[in-house]
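Reader: Could you take me carefully through a single part of this structure, namely its aromatic pairs, and explain the terms as you use them?

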Amino acid sequence: MAKKSKTQRAKASANRQAKKARAQEQEAVVQEETPKKRFFGSKDDKKSEKLQPYQEARKADSGKPSKAPNFLQQVRSEMRRVTWPTKRDVLQWSGVVIVALIFFGLFCVVLDDAVITPILFAISNLGA
């Protein structure tokens, strides 16, 4: 597998740090927003707590466009991060696959002709 360049490693490191910072910010916001729960709450409180994420999601999705363009942008960004093999690597591994196919093909032919066929003839001659 090809090694990543210095710029690819630097970008990945910066992305990881930014992701950690966003996660910490979101945790802080969530901790501030969550009220303290009562020890003995009514059933209505429990129902509203269970339905709250769905209601928020419904409100958030109502004004947004479809997620297809966002998905395609994510696909494009992921394809940029892929480290493609070099031509030499492709040729080398193709050679390995071809050699393995030839080896196992010959192995099956030898196994069939030299081992299995005589056994089948011996078994068929027992009955006659």
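Author: What follows is a close look at the aromatic pairs and the residues that form them. The model is a predicted one, in which local features need pLDDT of at least 70 and side-chain atom pairs count only at pLDDT 80 or more, while totals for chains, interfaces and linings use all residues. Residues are numbered from 1 along each chain as its sequence is written, and side-chain values use heavy atoms, with hydrogens and water left out.

A search of the whole structure finds two aromatic pairs, where rings of Phe, Tyr and Trp (its six-membered ring) pair if their centres lie within 6.5 Å, and planes under 30 degrees apart count as stacked, over 60 as edge-to-face and the rest as tilted. One of them joins Phe103 and Phe104, whose rings are 5.1 Å apart from centre to centre with 75° between the planes, an edge-to-face arrangement. The other joins Phe103 and Phe107, and this pair is stacked because the planes stand at 20°, with the ring centres 6.4 Å apart. Phe103 and Phe107 are four residues apart in helix α4 (residues 87–126), so about one helical turn separates them; helices here are DSSP runs (H or I, at least four residues), and strands are runs of E of at least two, numbered from the N terminus.

Taken together, Phe103, Phe104 and Phe107 form one aromatic cluster. Phe104 counts as partly exposed because its relative accessibility is 49%, and Phe107 likewise counts as partly exposed, at 46%; buried means under 20% relative accessible area, exposed over 50%, and partly exposed in between (1.4 Å probe, protein chains only).
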